[in-house]
Amino acid sequence: HRHEGDHRQSIATIRKKFPARSTGFDLLQRERLTVFGSHIRSARIGVTELFICGEIFNEDDIRSAARSAAPQETVLLELFLREGVSALSRINGSFMIIILEHDSGRRRIINDQMGTRQVFYYAADDFIVFGSELKFLFCHSLCPRNIDWTASLKRHIPFLIINAERQYEAWFKDIKLLEEGSILELPPSGPHTVFPYWNPWQTISSPLNGIGQQSEDRQVDMYCEAYM
């Protein structure tokens, strides 16, 4: 992203190192963005384009509310354009979504609420590389490979889903794991930002979120007590 270089060598390296893993990978290239992965679907409405890989578990509910027979990716993009970031908390699934705004140059990388679709990323001033596995990032010539000994020795299994010891420092300096339910935002210029779009301690009064509870403010100790 934003680095005006040739990424073909990095993609060739992935194919050589992991032939079985990358056989079914698709290659999509857009303005200042190269996406290389499996089962990528895309949709575009006006100046906004959406890419998605993964599964949506409540697709029938979302499609019914939208009253649309369009492909899944188009329905999701319509939902996003209509409701903005708040629409993301209504999507139940295991997914990674990329949203491009071709007029403003704004890019967003979004993972699911539980972080089951892992997104590791390295961000420099004019370049961001991201992927589902560290080994794919290391195939790019601009990605550092310096071990962060403090982070690597602190937790021996840092990336397990739904684990109290889950960490977001990826054992290597300057490489991070995107927190669950978050948006990695890449503006046309300036530093990237990360912010959450979903709070697990609050629920939405909507049949589309798969929870079916009313919104209410609760303290953490109330959840702990209920669980006990």
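**Exercise 1. Find the residue in β11 that is the bridge partner of Ser182, then describe the hairpin around this pair.**

Solution.
Step 1. Look across from Ser182 in this predicted model. Its bridge partner in β11 is Pro196.
Step 2. Place the two strands. β10 covers residues 182–186, and β11 covers residues 193–196. They run antiparallel and are joined by 4 bridges.
Step 3. Check the pairing rule. Two strands pair if there are at least two bridges between them. With 4 bridges, β10 and β11 meet that rule.
Step 4. Inspect the turn. The hairpin has 6 residues between the strands. Within the hairpin, Gly190 takes a positive phi near 95 degrees.

**Exercise 2. Give the strand order of the open sheet that contains β10 and β11, and say which strands stand at its edges.**

Solution.
Step 1. List the strands. The order is β3-β4-β5-β6-β10-β11, so 6 strands form the open sheet. The pairing is antiparallel.
Step 2. Find the edges. β3 (41–45) and β11 each have a single partner strand, so one side of each is left without a neighbour in the sheet.
Step 3. Add the twist. On average, neighbouring strands are turned by 20 degrees against each other, direction ignored.
Step 4. Zoom in on one pair. β5 and β6 (residues 106–111) are antiparallel and share 6 bridges. Met96 has Asn111 in β6 as its bridge partner.
Step 5. Add the helix. α4 packs on the sheet and touches β3, β4, β5 and β6. The direction of α4 makes about 45 degrees with that of β3.

**Exercise 3. Identify the residues that touch the most other members of the largest nonpolar core, and trace where the core comes from.**

Solution.
Step 1. Recall the background. Nonpolar side chains tend to be buried together in soluble globular proteins.
Step 2. Pick out the hubs. The core has 20 residues, and Ile91 and Ile97 touch the most other members.
Step 3. Name the suppliers. β4 (48–56), α4 (72–83) and β5 (93–101) each supply at least two residues. α4 gives the most, with 5 residues.
Step 4. Follow Ile97. Leaving aside neighbours within four places in sequence, its contacts are Leu50, Phe51, Ile52, Ile91, Arg108, Ile109 and Ile110.
Step 5. Keep the second core apart. This separate core has 17 residues, including Met96, Ile98, Leu100 and Ile109.

**Exercise 4. Classify the ring pairs that Phe25 makes with Phe36 and with Phe136.**

Solution.
Step 1. Count first. The structure holds 4 aromatic pairs.
Step 2. Take Phe25 and Phe36. Their ring centres are 5.1 Å apart and their planes are at 75 degrees, so this pair is edge-to-face. Phe25 is in strand β1 (residues 25–30) and Phe36 in strand β2 (residues 33–38), 11 residues apart.
Step 3. Take Phe25 and Phe136. Here the centres are 5.9 Å apart and the planes at 80 degrees, so this pair is edge-to-face too. Phe136 lies in helix α5 (residues 134–137), so the pair ties together parts that are 111 residues apart in sequence.
Step 4. Test burial. Buried means under 20% relative accessible area. Phe25 has 10%, so it is buried. Phe36 has 17% and counts as buried. Phe136 has 11% and counts as buried.
Step 5. Join the rings. Ring pairs link Phe18, Phe25, Phe36 and Phe136 into a cluster.

Terms used
Residues numbered from 1 in each chain as written. Predicted model: local features only at pLDDT ≥ 70, side-chain atom pairs only at ≥ 80, totals over all residues. Heavy atoms only, no water. Phe/Tyr/Trp six-rings, centres within 6.5 Å; stacked < 30°, edge-to-face > 60°. Buried < 20%, exposed > 50% of the residue type's maximum accessible area, 1.4 Å probe, protein only. Core = buried A, V, L, I, M, F, W, Y, C linked by side-chain atoms within 4.5 Å. Contact = heavy atoms within 4.5 Å. Axes fitted to C-alpha atoms, helices over the stretch in contact; angles between N-to-C directions.
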